[in-house]
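Colleague: I'm new to reading models like this one. Could we go through it together, one question at a time?

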Amino acid sequence: MREMEILNGIYRIAMTEEIEREVTKVCSLGGAIKEAGREEGRIEMLIQLVNDGDFTVEKAAAKVNMTSEDFLKKREEYKK
């Protein structure tokens, strides 16, 4: 893993099993956060398309595997 090479090579941090596990956890969490942000961005874009009349609620909801009801709830959250 690149991050472990950086910690060891540049910062001279010895890689113990515990540190390796923690680095792996943090990197996994970072990836999950990044993906969640992408998903929110997609939803935000679809809400704008619905608001502009370019997409129906049903079509937009299907693009992000949501029910129309859940999409409308999310849309209301963005209004606040």
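Modeller: Sure! Keep in mind that this is a predicted model. Let's begin with how α1 and α2 cross, and the crossing is right-handed.

Colleague: At roughly what angle do the axes of helix α1 and helix α2 cross?

Modeller: Helix α1 covers residues 2–9, and helix α2 covers residues 17–51. Their axes come within 10 Å of each other, and the crossing angle is roughly 130°.

Colleague: Is α1 parallel, perpendicular or oblique to α2?

Modeller: Angles over 145 degrees count as roughly antiparallel, and 65 to 115 as roughly perpendicular. The crossing at roughly 130° fits neither of those ranges, so α1 is, relative to α2, oblique.

Colleague: And what kinds of residues make up the contact of α1 with α2?

Modeller: From α1 come Glu3, Met4 and Leu7, and they meet Glu20, Val23, Thr24 and Cys27 of α2. Sorted by type, that contact has two charged residues, one polar and four nonpolar.

Colleague: Let's turn to charges. How many salt bridges are found in the whole structure?

Modeller: Side chains of opposite charge can pair when their charged atoms come close. The cut-off for a salt bridge here is 4 Å between nitrogen and oxygen. Searching the whole structure with that gives a count of seven.

Colleague: Which residue does Lys25 form a salt bridge with?

Modeller: Look within helix α2, where Lys25 and its partner sit three residues apart, about one turn of the helix. Their closest N and O atoms are 3.1 Å apart. The partner has 38% relative accessibility, so it counts as partly exposed. It's Glu22.

Colleague: Over in helix α4, is Lys74 buried or exposed?

Modeller: Helix α4 spans residues 68–79, and Lys74 lies there three residues from Glu77. Those two form a salt bridge, with the closest N and O atoms 3.8 Å apart. Buried means under 20% relative accessible area. Lys74 has 17%, so it counts as buried.

Colleague: What about Lys79, buried or exposed?

Modeller: Lys79 pairs with Glu76 in a salt bridge, the closest N and O atoms being 3.2 Å apart. Both lie in α4, about one turn of the helix from each other. Glu76 is partly exposed at 40%. Lys79 reaches 57%, and the cut-off is over 50%, so Lys79 counts as exposed.

Colleague: Last one: which residues are linked in a network of salt bridges?

Modeller: Here we go beyond single pairs, to a network with four names in it. Its members are Glu35, Arg38, Glu39 and Arg42.

Conventions
Residues numbered from 1 in each chain as written. Predicted model: local features only at pLDDT ≥ 70, side-chain atom pairs only at ≥ 80, totals over all residues. Heavy atoms only, no water. Axes fitted to C-alpha atoms, helices over the stretch in contact; angles between N-to-C directions. Helix = DSSP H or I, 4+ residues; strand = E, 2+ residues; numbered from the N terminus. Parallel < 35°, antiparallel > 145°, perpendicular 65-115°, else oblique. Left-handed = near helix turned anticlockwise from the far one by under 90°. Contact = heavy atoms within 4.5 Å. Nonpolar A, V, L, I, M, F, W, Y, C, P; charged D, E, K, R; others polar. Salt bridge = Lys/Arg side-chain N within 4 Å of Asp/Glu carboxyl O. Buried < 20%, exposed > 50% of the residue type's maximum accessible area, 1.4 Å probe, protein only.
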